[in-house]
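Thanks for making time this morning; I would like to walk through one structure with you, starting from a single helix and working outwards to the way the chains come together. Please have the sequence and the coordinates open while I talk.

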Protein chains: 2
Amino acid sequence: MFLDATQDEIEIAMQQAHNAFQQYKNSSLKQRADFMRAIAVELENSGDELIQTAMQETNLPEARLRNEKGRTVFQLNSYAQACEQGDWIEARIDTAIAEKNPPKPDIRKMLIPLGPVVVFGSSNFPFAYSTAGGDTACAFAAGCPVIVKAHPAHAATSQIVAKAILRAVEKCKMPNGIFTHLFGASFEVGKGLVMHPYTKAVGFTGSLTGGKQLFDWANQRKEPIPVFAEMGSVNPVFLLKEELAQSAMDIAKKFADSITLGVGQFCTNPGLIIGIESDALQLFSKELGNAIRKIKPANMLHSGIAKAYLAKRKFALAQKGATLVAASDSEADDLQGLPTVATASGQTFLQNPVLHQEVFGPYSIIIQCKDENEMIAIAEKLEGQLTATLMATENDILENHELVNAIKNICGRLILNGVPTGVEVCLSMQHGGPFPATTDSRFTSVGADGIKRFARPIAFQNWPDALLPDELKNNNPLGIWRTVNNELIQ
Amino acid sequence: MFLDATQDEIEIAMQQAHNAFQQYKNSSLKQRADFMRAIAVELENSGDELIQTAMQETNLPEARLRNEKGRTVFQLNSYAQACEQGDWIEARIDTAIAEKNPPKPDIRKMLIPLGPVVVFGSSNFPFAYSTAGGDTACAFAAGCPVIVKAHPAHAATSQIVAKAILRAVEKCKMPNGIFTHLFGASFEVGKGLVMHPYTKAVGFTGSLTGGKQLFDWANQRKEPIPVFAEMGSVNPVFLLKEELAQSAMDIAKKFADSITLGVGQFCTNPGLIIGIESDALQLFSKELGNAIRKIKPANMLHSGIAKAYLAKRKFALAQKGATLVAASDSEADDLQGLPTVATASGQTFLQNPVLHQEVFGPYSIIIQCKDENEMIAIAEKLEGQLTATLMATENDILENHELVNAIKNICGRLILNGVPTGVEVCLSMQHGGPFPATTDSRFTSVGADGIKRFARPIAFQNWPDALLPDELKNNNPLGIWRTVNNELIQ
């Protein structure tokens, strides 16, 4: 039913996007914001058909999907607001100083859009990180046309969302080619899109293998382009002594829920829990095991993911020194993910990189360190992560300076006494981290700062006021915040 | 005299930089600023030895070198001020909302340093883009240790500057390893530094071949890292009709000076001038030729650069359809660059990519287009540039919307009725542009925004006020601008 785009179709899509860019890049911040709000309205209008189709394609429950749709609408509206507010434009003005020798010219800088952005839909977020998701919203806010490659696991859902976007395109009289929706289950479609000379940036949420491949293609181009790939994470949790002694049972309950939330299919799933051998850690382990036993397996997104979970879980448990703590008491069928907790010693973990890898699904492993130093060694050896979590009292933090310092090096978000699942959409959110969590730790894919991924600065030197963009005109017609002669004013 | 660093020396330098980072990353903005100001003082204190050595090594005249030293001191001080002012930290705070379902946690974000930065000294700016130049200043401001690979063409100059930095390290009690100075004429030293796992970013100013090689190595690493390479540009100048008709002779004089400034060895040298066939263009061409004939050849930076200029100039002039307009009346010796202007038709240029390439030195080519459309076609075909210049009246700009639109796509700085040489150090400056001008058009290597190249965001979720960095504490002890619940306040 959903045929892969041909190279001709890719060529037409990119040519149209390039043409649309020449117009859309000059749209006002208000026009872009109105367009994004119109998409949000059309998404709301897509009604039950959208939810029903997504339920069929993804196995996700209705409540979760309605929730995710709400989040997607919120993203579009809140990034629209940020787009209009204009802080992200980074307007800087330095006025001329004629007396200087040589005379200093008038220079004014702002961010402008990069050009057409290719967005790859993710499997685990059919709305929020797919067709009209965060990457698309950020690209539109920045002034870039978008070409979406639908995720094959929910192509029909994607098509309904694409139709909503196209209705908004028409309503807002946006240029033809500002949005194109393509199907592609094959390798060639993705490669064709990334390698096309008119493509200027790529957004992706998915596996390390997939994201790294896009990154490599993008860097092998004659003109390399940025790839923002969010490629998952094991999201380590560090249990510090005092906090663990006080709250082992509470923490265990909290994490049993977090590990199995959404059948463990969130990129911020806590897949690694690190503590120091002690009675409290034993108690935590026992309680977590008890809680996990009671949690029923549930359907994963699709059979491919369920199969991969089964294989990776088995491989992890087969590693020397890794043992099962507990699994759900209920049996899992072929489509279900069996909640599982394993354990291993600090030494075993340090020596075996297989245990560092993500087991995408309702799985976590407890690492029992012999002392603080081993915990530090683990923090230093871990690869980049989206999040890291400390379960700690203030004393624990103050007494573990070196550990906390090491943990800061490896993560994009550092959570204290909470669970990493649940990614708030707000300006202060950082959803991104050192490689391999993402391909570019300097940017976020959640929150309005994500707009800046798709923009670059341009400086105007010696331009008369009338010919400058509104963002840089003397009388600041848009009323945005600007740094004028090193002073931030509105 | 200057031996290439061995792999052991590289290993030691990187290990020390990594260790220093664990301490320096926690330094306050004020400590970093004080350190940078101390380097500026020590650079001033280096006195005549520095200037004399640089004169011997680079053939640059004393006045230019004193000027460049002044600029380097200014950069250190002005980036120190920006560092302390803290806007670049991008502090964002969203406070908790307990009533929300689920409750919204307190989240606070700021930029933190990436880690050790390797800086490659440039040949054409022995001070401002070398050892204590813009990249080094930005990295220190961001909180990163720096490892400089001296440019072999001015290794002794580099060593004097390095000693000044090391005196400042001692004076400010900065951690051992925060700065290392290495020599390396060979390929291996550069590769060893870029590939080292402790290296987290690279700064480079130089040739396309050199910069692209560093970029490729950095992306082939297990953990890819960002490379900020500024790789030159032909800096196209577009002569529009009305302005050219009014001021052909003035423009010709202005550009004769700009083309030959510093023997054409600025990365913003105007190497390409595009006009429409007309009497005015003939007059411009004749006047530019006359002016060029009178300009005496001068010594280039070193014999390698002079030899390369000779070869590239010859190759460009040998292209079919390219002809000489004028060269200096004086003869040039082996070390000197002969001021030269060539010309070709728009069609010749469009068909021959050799003519698009930079001829590094006092050289420029005038392209004679048959009409506006051919000029647009050229703007669309050009690769990324640091700058583009329009010589135009307001009418010209208003009547050439499509051309101006196309030019904006290819440059980082757009100059109206001025010359591109002369790069003001200020916040609004953009020194960077689409590939191949630089490897990352989203950042600048001049101005305090360059600090952000070496930093990434981290979000703190649910941290008590006392344990947060000062930048994010409730009472804003540093008095920096922050976005709190979507409102920018100080």
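Let me begin with a question: which residues of α3(B) are buried? In this model, which I should say at once is a predicted one, they are B:Leu50, B:Thr53, B:Ala54 and B:Thr58. These residues cover an arc of only 105° around the axis, and therefore they sit on the same side of α3(B). The general background is that an α-helix has 3.6 residues a turn, so residues three or four places apart point the same way. On the face of α3(B) that is turned away from the buried side we find the exposed residues B:Asp48, B:Glu49 and B:Gln56.

What do the buried residues of α3(B) pack against? Their partners are α4 (62-85) and α6 (155-171) of chain B. As a check on the geometry of the helix itself, the twelve residues of α3 of chain B, 47-58, should span 16 Å at 1.5 Å a residue, and the end C-alpha atoms are 17 Å apart, which agrees. After α3(B) comes B:Asn59, whose phi is positive, near 65°.

Next, the relation between the chains. Chain B is superposed on chain A by a rotation of 180° with 0.0 Å of shift along its axis, at an RMSD of 0.0 Å. The two copies are thus related as by a two-fold rotation axis. In chain B, the C-alpha nearest to that axis belongs to B:Asn219, at 3.8 Å from it. As for the interface, 100% of the interface residues of chain B are also interface residues in chain A, so the copies meet through the same surface.

That brings me to the sheets, where strands from both chains take part. Which strands make up the open sheet that starts with β19(A)? There are twelve, in the order β19(A)-β18(A)-β1(A)-β2(A)-β17(A)-β16(B)-β15(B)-β8(B)-β9(B)-β14(B)-β13(B)-β11(B), and the pairing is mixed. At its edges are β19 (487-489) of chain A and β11 (323-327) of chain B, each of which pairs on one side only. Neighbouring strands of this sheet are turned by 25° against each other on average, with direction ignored.

Within this sheet, β1 (residues 92-94) and β2 (residues 107-113) of chain A pair in the antiparallel sense over three bridges, and A:Arg92 has A:Lys109 in β2(A) as its bridge partner. Helix α15 (residues 401-408) of chain B lies across β2 and β17 (455-461) of chain A together with β8 (236-239), β15 (385-391) and β16 (411-416) of chain B, and it runs at about 140° to β16(B).

There is also an open sheet of twelve strands in the order β11(A)-β13(A)-β14(A)-β9(A)-β8(A)-β15(A)-β16(A)-β17(B)-β2(B)-β1(B)-β18(B)-β19(B), again with mixed pairing. Here β11 (323-327) of chain A and β19 (487-489) of chain B stand at the edges with a single partner strand each, so one side of each is left without a neighbour in the sheet. The twist averages 25° from one strand to the next. Helix α10 (residues 279-294) of chain A packs on this sheet, touching β8, β9 (272-276), β11, β13 (340-345) and β14 (363-369) of chain A, and its direction makes about 50° with that of β11(A). In chain B, seven bridges join β2(B) to the antiparallel strand β17 (residues 455-461), and B:Gln461 is the bridge partner of B:Ile107 in β17(B).

How does α15(A) lie relative to the strands, and at what angle to β16(A)? It lies across β8, β15 and β16 of chain A together with β2 and β17 of chain B, running at about 135° to β16(A). The buried residues of this helix, residues 401-410 of chain A, include A:Leu403, A:Val404 and A:Ile407.

Finally, some backbone details to look at on your screens. A cis peptide bond joins A:Asn101 and A:Pro102, with omega about -5°, and A:Pro102 is found in the loop between β1 and β2 of chain A. In chain B, the peptide bond from B:Asn101 to B:Pro102 is cis, with omega near -5°. A:Lys173, although not a glycine, has a positive phi of about 50°; its place is in the loop between α6 (155-171) and β5 (179-182) of chain A. Because A:Lys173 has 8 C-beta neighbours inside 10 Å, it counts as exposed.

Technical notes: Residues are numbered from 1 along each chain as its sequence is written. Chains are lettered from A and ligands numbered from 1 in the order in which they are written. This is a predicted model: local features need pLDDT of at least 70, side-chain atom pairs count only at pLDDT 80 or more; totals for chains, interfaces and linings use all residues. Helices (H or I, at least four residues) and strands (E, at least two) are DSSP runs, numbered from the N terminus. The expected span of a helix is 1.5 Å times one less than its number of residues. A residue is buried if 20 or more other C-beta atoms lie within 10 Å of its own, exposed if 12 or fewer, and partly exposed in between; C-beta atoms are placed from the backbone. The arc is that of the directions from the helix axis to the C-beta atoms. Two residues are in contact if their C-beta atoms, placed from the backbone, lie within 7 Å. Copies are superposed by least squares on the C-alpha atoms of residues with pLDDT of at least 70 in both. Two strands pair if DSSP finds at least two bridges between them. Axes are lines fitted to C-alpha atoms, for helices over the stretch in contact, and angles run from 0 to 180 degrees between N-to-C directions.
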